[in-house]
Amino acid sequence: MAQVRESLHGMWSSRLAFVLAATGSAVGLGNIWRFPYMASDNGGGAFVLVYLLCIAALGLPVMMCEILLGRRGRRSPINTMRELARESGATRAWQIVGWSGLFAGLLILSFYSVIAGWTLSYALTYLEAAMTPSFNLGEPGQMFQELVGSFPALTFWHTIFMLMTLLVVALGVEKGLERAVRFLMPALFVILLLLVGYGMSTGYFSKAVSFLFAADFSRIDASVVIAAMGQAFFSLSLGMGSIMAYGAYLPEDASVGGTGLMVAFADTFVAVVAGLAVFPIVFANGLNPEGGGPGFIFTILPHAFAAMDFGYIYAVAFFTLLAVAAWTSSISLMEPTVAYLVESTPLTRRGAAWLIGGVAWLLGLGTALSFNHWSGFTIAGLNFQAAVEYLSSNILLPAGGMFIAIFAGWILPKVVSREETSALTDGQYRIWLTLVRYVAPVLIFVVLLSSTGLLSM
Ligand code: PHE
């Protein structure tokens with residue numbers, strides 16, 4: 001039995017390094033860009049409630065599956081799944097989970113890079129505004145339209161961001177990533193807290209709190225549940241192999257449950273704080289919290305930056321740090337595929353990073369076009385960007401998570417999963433096993449089925 005106990009791609013220097021990298025993967029545009037607009041599009045409290053339940057009942061257990069499978073297999077997700085299936089006497093077809101993750105990762109990376117490009121563009125625009133007293137930013141909606149209306153501008157920033165991502169992946173993930181996460185993520189968090197402080201001063205904070213936390217149960221329908229479940233997987237970076245790939249570099253002595261819990265907690269906390277930062281500004285400016293769409297924070301936050309003392313300086317810091325948070329996430333979107341190519345093809349790490357970056361870049365042009373030349377072109381009522389986002393986040397990630405849970409719960413021998421979770425008490429292990437054997441597969445299956453309309457909720 002060929003057990004590889006060291007990953008060929010290097011190892012994290014410590015358990016903390018893994019927690020930081022996995023948190024860097026989880027915390028990104030998903031928390032600060034996507035969470036507020038998903039909440040705004042899906043009725044606020046109802047969405048948030050289902051989202052939090054999904055994190056606890058599905059997200060955390062599946063995260064533990066990914067960490068333990070990755071660490072056991074010590075390879076890229078495709079090869080880890082294939083190898084663990086072989087060792088468990090199951091069919092090699094399980095590697096399809098890895099392939100679906102590869103596909104989902106490419107789709108997500110393609111639009112992720114375009115949106116991250118917006119944050120770069122905003123950072124630069126605010127820098128100019130902060131330095132030129134006569135600079136006119138224009139009204140927030142118009143500022144946003146000017147950016148997304150320009151295909152060349154979107155492509156320019158998308159290209160810069162994709163280059164930033166592939167260059168780090170080409171170097172290998174341990175170098176640089178650890179440092180970025182250790183210092184820059186706390187800084188981003190401080191700026192978010194400043195925005196929450198500003199929100200409190202507007203007099204609309206309690207309205208924001210009730211919008212986010214007072215669930216109107218009549219709003220919960222299949223589409224809200226699918227959106228919330230997709231958001232839980234997207235935000236925790238689950239279902240496509242990012243955490244599995246990072247788990248492959250995790251030292252043997254780290255606890256799967258403890259590290260997973262830390263990452264899930266940090267990620268959820270940042271999303272909730274981002275919501276508390278954004279919604280007071282919505283209400284204070286008499287804006288509509290429904291149907292925000294992907295431009296939501298880009299048209300909401302400028303109201304606060306215009307009203308705050310030193311607002312432009314905060315804006316530069318905010319958008320720069322958000323770009324960094326997006327960067328540490330996009331690196332983790334690319335890593336599983338690059339690791340696979342390095343293991344299974346003659347490509348070098350650098351060559352693989354350029355190849356995957358190139359493919360995702362090309363696909364991303366579709367997203368860039370969907371805000372201007374292609375804005376009239378829709379698939380099932382969604383424009384190109386929204387369709388790619390829906391397919392990858394709401395369908396492929398939960399489906400990937402479902403198969404990962406089934407594999408860890410039913411296929412992997414219990415002695416192996418118990419050995420890998422040795423820090424859990426017997427009771428905790430049983431709860432985890434119940435969640436991954438029954439709760440996660442059944443719930444995800446029912447929700448996915450209802451999204452096809454075959455089952456009405
Ligand atoms: N979790 C990241 C975010 O919230 C996005 C991501 C999804 C990263 C899937 C890796 C895998 O921004």
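**Close-up 1. Val169 in helix H7.** In this predicted model, Val169 belongs to helix H7, which covers residues 151–171. With a relative accessibility of 0%, Val169 counts as buried. For a sense of distance, look across to Glu290: 121 residues separate it from Val169 along the chain, and the two C-alpha atoms are 38 Å apart.

**Close-up 2. Leu60 in helix H3.** Here we're looking at helix H3, residues 45–73, with Leu60 as one of its members. Leu60 comes out at 18% relative accessibility, so it counts as buried, the cut-off being under 20%. Thr367 sits 307 residues away from Leu60 in sequence, and in space the C-alpha to C-alpha distance for this pair is 31 Å.

**Close-up 3. The ligand and its polar partners.** Zoom in on the ligand and you'll find 15 residues around it, with Ala26, Gly30, Tyr112, Phe234 and Ser237 as the closest. Start with Tyr112: an N or O atom in its side chain is 2.4 Å from an oxygen atom of the ligand. Gly30 uses its backbone instead, placing an N or O atom 2.8 Å from a ligand oxygen. Over at Ser235, a polar backbone atom lies 3.1 Å from a nitrogen atom of the ligand. And how much of the ligand's accessible area does the protein cover? On its own the ligand has 320 Å² of it, and the protein covers 100%.

**Close-up 4. Where the ligand sits, and what surrounds it.** The ligand is housed in the largest cavity. Four helices each give two or more residues to the shell around the ligand: H1 (15–26), H2 (29–41), H10 (222–235) and H14 (311–344). What's the mix of residue classes in that shell? Count six nonpolar and nine polar residues, with no charged ones.

**Close-up 5. Ser237 and Gly241 in the loop after H10.** Ser237 is part of the loop that runs between H10 and helix H11 (242–247). You've already met Ser237 as one of the residues closest to the ligand. Its backbone is worth a look: phi is positive, about 60°, even though Ser237 isn't a glycine. Most residues other than glycine have a negative phi. Ser237 counts as buried because its relative accessibility is 10%. Gly241 is in the loop between H10 and H11 too, and it is buried, with a relative accessible area of 2%. Follow the chain 156 residues from Gly241 and you reach Leu397, yet the C-alpha atoms of these two are separated by 9.5 Å.

**Close-up 6. Phe310 in the loop before H14.** This view takes in the loop between helix H13 (296–307) and H14, where Phe310 lies. Phe310 has a positive phi, near 55°, without being a glycine. Is Phe310 buried or exposed? Its relative accessible area is 64%, so Phe310 is exposed, the cut-off for that being over 50%.

**Close-up 7. Ala93 between H4 and H5.** Last stop: Ala93, in the loop joining helix H4 (77–87) and helix H5 (95–131). Ala93 counts as partly exposed because its relative accessibility is 40%. Arg82 is eleven residues from Ala93 in sequence, and their C-alpha atoms are 7.5 Å apart in space.

Notes
Residues are numbered from 1 along each chain as its sequence is written. This is a predicted model: local features need pLDDT of at least 70, side-chain atom pairs count only at pLDDT 80 or more; totals for chains, interfaces and linings use all residues. Side-chain values use heavy atoms; hydrogens and water are left out. A residue is near a molecule or strand if one of its heavy atoms lies within 4 Å of it. A polar contact is a pair of N or O atoms within 3.5 Å; within protein, one must be able to donate a hydrogen and the other to accept it, and residues adjacent in sequence count only if both atoms are side-chain atoms. Accessible areas come from the Shrake-Rupley method with a 1.4 Å probe; for residues, only the protein chains shown count as cover. On a 1 Å grid over the protein atoms alone, a cavity is a set of points where a 1.4 Å probe fits but cannot get out, and a pocket is an open set with protein on both sides within 12 Å along at least five of seven lines; lining residues have an atom within 4 Å of a point. A molecule sits in a cavity or pocket if more than half of its atoms lie within 2 Å of its grid points. Ala, Val, Leu, Ile, Met, Phe, Trp, Tyr, Cys and Pro count as nonpolar, Asp, Glu, Lys and Arg as charged, and the others, Gly among them, as polar. Buried means under 20% relative accessible area, exposed over 50%, partly exposed in between (1.4 Å probe, protein chains only).
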